[in-house]
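Got the viewer open? Let's take a walk through this one, a stop at a time.

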Amino acid sequence: METIINQSLSQSLSYADYRKQVTKLLEEGLSTGNEKTSDHLHYSELNEVRMNRLEKTIKIAVENIQKLQSLQKEYIWLVIAEGWCGDAAQILPIIYKMAEFSEKIELKVVFRDENEALMNLYLTNGAKAIPKLIIIDKNTMEVLENFGPRPQGAQQLIMDYKAEHGIIDEKAKTELQLWYLHDKGLSIQNEIIDAMVRSDYIFKTSNMKVQL
């Protein structure tokens, strides 16, 4: 696993460079990933607009900022994403905003289809679902936690829809985007914070003192 993680990190991008690469491909009429379909291009164009909006409007909760700024250990947040992925477009800007509030977090992004070995370590029910956030101890390079591909509420929505209708169609995708809109990124923030609590003992104990 460590070898795979290191290989992926060696070809990872900063968030800014990830955005630039996706934008550059769109200007050439292309999407990221191995499948260069018209649907992937269409979704990538929608996601470009969505991410631009979220970067301007998303707010990280004050209590979550405080927790991020109290981290004791140093981390790498390694995210697996693609430009055409609607969930990645909703979640990645929030991860970026969270990482910006802590000097202890270094955010890196890799493309799923260019990192198959890494993706295969983090399948969801056998599927290459993204985004995936892998939380790594920067000093030991130990993988501590992971998050994704969706917050629990969004994942339950999709599971319930598929159980009722048998497929994930455009109506399901619209309902999912509305869920993200109404949630305002809070579930994503809180679930990632929970993962950080589990991985940072001193952070965990300080958080318990605040609650007391």
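Start in the middle of things, with helix α3. Its buried residues are covered by, among others, α2 (15-27), α5 and α8 (170-183), so colour those three and see how they sit around α3. Keep in mind throughout that what you have on screen is a predicted model.

Now select residues 38-57, which is α3 itself. Its 20 residues should span 28 Å at 1.5 Å a residue, and the C-alpha atoms at its ends are 29 Å apart, so the two agree. Which of its residues are buried? Show the side chains of His 40, Leu 41, Tyr 43, Ser 44, Asn 47, Glu 48, Arg 50, Met 51 and Leu 54. While you look down the helix, remember that an α-helix has 3.6 residues a turn, so residues three or four places apart point the same way.

Next, zoom out and take in the whole chain. There are 10 helices and 4 strands, and along the sequence they run α-α-α-α-β-α-β-α-β-β-α-α-α-α. The radius of gyration is 17 Å, close to the 17 Å that the globule rule gives for 212 residues, so the chain is as compact as a globular protein of that length. A box around the C-alpha atoms, taken along the principal axes, would be roughly 50 × 35 × 35 Å. Of the 212 residues, 49% are buried. Sequence-distant pieces meet a lot here: of the contacts between residues at least 6 apart, 74% join residues at least 24 apart.

Time to go inside. Select Tyr 18, Trp 77 and Ile 192: these have the most contacts within the largest nonpolar core, a set of 60 residues. Helix α5 (residues 86-100) gives this core its largest share, with 8 residues. As background, nonpolar side chains tend to be buried together in soluble globular proteins.

Not everything buried is nonpolar, though, as two polar stops show. Pick Ser 8 in helix α1 (residues 2-10). Buried or exposed? Its relative accessible area is 3%, so Ser 8 counts as buried. Beyond its close sequence neighbours, Ser 8 is in contact with Leu 78, Val 110, Asn 115 and Leu 118.

Then jump to Gln 189, in helix α9 (residues 186-199). Gln 189 has 0% relative accessibility, so this residue is buried too. What does its side chain reach at 2.9 Å? Draw the distance to the backbone nitrogen of Ala 61 and you'll have it. Leaving out residues up to four places away, the residues Gln 189 touches include Lys 59, Ile 60, Asn 64, Ile 94 and Met 98. For another check, put a line between the C-alpha atoms of Gln 189 and Lys 97: 9.9 Å, though the two are 92 residues apart along the chain.

Lys 184 is also on the list of residues that Gln 189 touches, so hop over there. Lys 184 lies in the loop between α8 and α9 and is exposed, with a relative accessible area of 57%. Its phi is near 60°, a positive value in a residue other than glycine. Met 141, in the loop between β3 and β4, also has a positive phi, about 65°.

Finish with two cis peptide bonds. One joins Ile 130 and Pro 131, with omega about 5°; look for Pro 131 in the loop between α6 (116-121) and β3 (132-137). The other runs from Gly 148 to Pro 149, with omega near 10°, and Pro 149 sits in the loop between β4 (143-147) and α7 (152-165).

How values were computed:
Residues are numbered from 1 along each chain as its sequence is written. This is a predicted model: local features need pLDDT of at least 70, side-chain atom pairs count only at pLDDT 80 or more; totals for chains, interfaces and linings use all residues. Side-chain values use heavy atoms; hydrogens and water are left out. A nonpolar core is a set of buried Ala, Val, Leu, Ile, Met, Phe, Trp, Tyr and Cys residues joined through side-chain atoms within 4.5 Å. Buried means under 20% relative accessible area, exposed over 50%, partly exposed in between (1.4 Å probe, protein chains only). Helices (H or I, at least four residues) and strands (E, at least two) are DSSP runs, numbered from the N terminus. Contact means heavy atoms within 4.5 Å. A polar contact is a pair of N or O atoms within 3.5 Å; within protein, one must be able to donate a hydrogen and the other to accept it, and residues adjacent in sequence count only if both atoms are side-chain atoms. The radius of gyration is taken over C-alpha atoms; the globule rule is 2.2 Å times the number of residues to the power 0.38. The expected span of a helix is 1.5 Å times one less than its number of residues.
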